[in-house]
Amino acid sequence: CADIDECAIGTDNCDGNATCSNAPGTFSCACNGGYAGNGVTCADIDECAIGTDNCDGNATCSNAPGTFSCACNGGYAGNGVNCADIDECAIGTDNCDGNATCSNAPGTFSCACNGGYAGNGVTCANINECLGTPCLNGGTCTDTDGSYTCQCACGFTGNNCENASTPTSISGGEGHTLVMYSDGSVWSSGANQYGQLGDGTTVAKALPIKVNLLNVVLAAAGGDHSLVLRSDGSVWSWGRNQYGQLGHSGTSNSPWPSPVSGLTDVVFIAAGNNHSMAIKRDGTAWAWGYNSDGQLGNGNTLSSTAPVRVQNLTNVAAVSAGYLHSMAMKNDGTVWTWGRNFTGQIGDGTNTGRTTPVQVPSLSNMIAIEAGTGHSVAVKNDGTVWAWGAGSDGQLGNGTLIDSNVPVMTQI
């Protein structure tokens with residue numbers, strides 16, 4: 001007798017999801033993987049339900065007849081058995097608004113509108129902060145995309161004009177005024193046909209406007225131009241530039257402040273009608289602009305668009321620029337003058353113009369100087385005031401209407 005292979009000829013009664021195994025004179029049925037039963041009847045095992053799957057904790061298990069599959073959840077990537085977080089913010093697959101900040105989290109991300117914007121993060125709209133009047137003390141609010149700016153009223157500073165500032169110095173030009181405040185700002189008002197107010201326009205202003213400069217320590221108003229000295233030792237200028245008085249290596253007017261070319265380490269400035277002056281930390285004096293009468297003090301009468309050193313002058317403590325002449329005071333209290341001398345404003349006993357400095361012979365122990373249109377003034381350490389030059393309108397203050405080419409004491 002020969003064995004019958006029931007499995008081979010199909011006379012077994014195994015379940016369709018079982019495997020038939022022949023044996024001498026018999027056979028057996030065993031359920032396939034993923035199924036359970038006696039072999040004759042096999043039922044699917046739901047590995048997902050009973051937890052025998054090997055899916056990652058951040059994956060979804062899907063049961064199928066006799067098997068299962070793992071798929072990483074949204075926000076994760078991998079083969080389902082191992083799933084890693086996707087940083088949507090880093091790779092740019094988020095849907096946050098351009099004015100929002102994306103924050104990654106395990107399996108997801110969030111969008112939050114940036115400051116100055118409102119919305120759900122996917123859509124962010126600009127907030128008009130000016131509707132809430134954030135600018136204090138009379139400041140003017142201007143809304144910008146996502147922010148705002150305050151144009152403070154004169155005497156106030158800070159992002160919201162919350163800080164009061166006090167004037168520390170003033171300077172008057174031919175038709176405009178500069179006021180410097182304790183916060184290092186400078187404000188201008190008046191005539192502006194050459195841009196001497198420094199606000200980018202040529203429109204006159206009846207109220208002071210803030211010049212866009214910080215850390216100003218000294219301001220000087222010329223005829224139709226302006227100078228400031230900043231705390232870093234640089235000099236900035238704007239306004240009329242017909243003779244190069246701005247020191248910008250050209251003669252174009254400028255309604256915006258720009259630095260004077262090649263001038264550093266400055267400690268003092270002065271502005272004349274059409275020329276400018278500065279003292280460097282080393283005690284040297286420099287001048288630039290109009291030079292018709294030698295007021296630059298460099299030995300000639302050629303105007304200069306760049307600073308030139310005043311000749312034969314060291315240890316300078318102060319300078320003053322007049323209409324067509326210039327003055328300097330040295331650390332030893334002596335006074336030196338140069339330029340036009342039609343009315344005796346040089347003070348050397350002559351009416352001869354000078355293209356280099358000469359000492360005013362009768363003055364010593366002086367503590368302050370000032371140059372006018374055609375006259376000069378100095379203060380002595382004993383409190384007396386001395387003047388010389390044009391006196392036709394009584395500007396010398398000595399009780400006469402006569403010019404003087406030597407210093408006379410003002411009757412104060």
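Biologist: How many bridges join strand β18 to strand β19, and in which sense do the two strands run?

Modeller: In this predicted model, five bridges join β18, residues 176-181, to β19, residues 186-190, and the two strands run antiparallel. One of the partnerships sets Leu178 against Ser188 in β19.

Biologist: What makes β18 and β19 a pair of strands?

Modeller: Two strands pair if DSSP finds at least two bridges between them, and here there are five bridges, so β18 and β19 count as paired. They belong to an open sheet of four strands in the order β17-β18-β19-β20, with antiparallel pairing.

Biologist: Why are β17 and β20 called the edge strands of that sheet?

Modeller: Strand β17, at 167-172, and strand β20, at 205-210, each pair on one side only. From one strand to the next, the twist averages 15°.

Biologist: Why is the pair of Tyr181 and Trp187 called edge-to-face?

Modeller: The ring centres of Tyr181 and Trp187 lie 6.3 Å apart, with 65° between the planes; rings pair if their centres lie within 6.5 Å, and planes over 60 degrees apart count as edge-to-face, so this pair meets both conditions. The structure holds two aromatic pairs, and this is one of them.

Biologist: Are Tyr181 and Trp187 buried or exposed, and how do you know?

Modeller: Buried means under 20% relative accessible area; because Tyr181 has 9% and Trp187 has 2%, both residues count as buried.

Biologist: Where is Gln196 found, and what makes it buried?

Modeller: Gln196 is found in the loop between β19 and β20, and its relative accessible area is 0%, which is under the cut-off of 20%, so it counts as buried. Leaving aside its neighbours within four places in sequence, Gln196 is in contact with His176, Ala191, Asp224, His225, Ser226, Trp238 and Gly239. With Ala191, the backbone oxygen lies 3.5 Å from a polar atom of the Gln196 side chain.

Biologist: How do you know that a charge sits over the ring of Trp236?

Modeller: The charged end of Arg230 sits over that ring, 5.0 Å from its centre, and the distance limit is 6 Å. Arg340 likewise lies over the face of Phe342, at 4.2 Å from the ring centre.

Biologist: Why is strand β31 described as mostly covered?

Modeller: Five of the five residues of β31, which spans 335-339, are buried. Val335, Thr337 and Gly339 point one way from the strand, while Trp336 and Trp338 point the other way, and all are buried. In a regular strand the side chains alternate between the two faces of the sheet.

Biologist: Which strands pair with β31?

Modeller: Strand β30, residues 325-330, pairs with β31 in the antiparallel sense over five bridges, and Met329 has Val335 as its bridge partner. These two strands form a hairpin with four residues between them, and Gly333 in the turn has a positive phi of about 85°. Three bridges join β31 to strand β32, residues 354-359, again running antiparallel, with Gly339 opposite Arg354.

Biologist: What makes Asn137 and Asn365 partly exposed?

Modeller: Partly exposed lies between the limits of 20% and 50%; Asn137 has a relative accessible area of 40% and Asn365 one of 39%, so both are partly exposed. Asn137 is in the loop between β12 and β13, and Asn365 in the loop between β32 and β33. Although not a glycine, Asn365 has a positive phi of about 55°, and phi of Asn137 is positive too, near 55°.

Notes
Residues are numbered from 1 along each chain as its sequence is written. This is a predicted model: local features need pLDDT of at least 70, side-chain atom pairs count only at pLDDT 80 or more; totals for chains, interfaces and linings use all residues. Side-chain values use heavy atoms; hydrogens and water are left out. Axes are lines fitted to C-alpha atoms, for helices over the stretch in contact, and angles run from 0 to 180 degrees between N-to-C directions. Buried means under 20% relative accessible area, exposed over 50%, partly exposed in between (1.4 Å probe, protein chains only). A polar contact is a pair of N or O atoms within 3.5 Å; within protein, one must be able to donate a hydrogen and the other to accept it, and residues adjacent in sequence count only if both atoms are side-chain atoms. Contact means heavy atoms within 4.5 Å. Rings of Phe, Tyr and Trp (its six-membered ring) pair if their centres lie within 6.5 Å; planes under 30 degrees apart count as stacked, over 60 as edge-to-face and the rest as tilted. A charge sits over a ring if NZ of Lys or CZ of Arg is within 6 Å of the ring centre and within 35 degrees of the ring normal.
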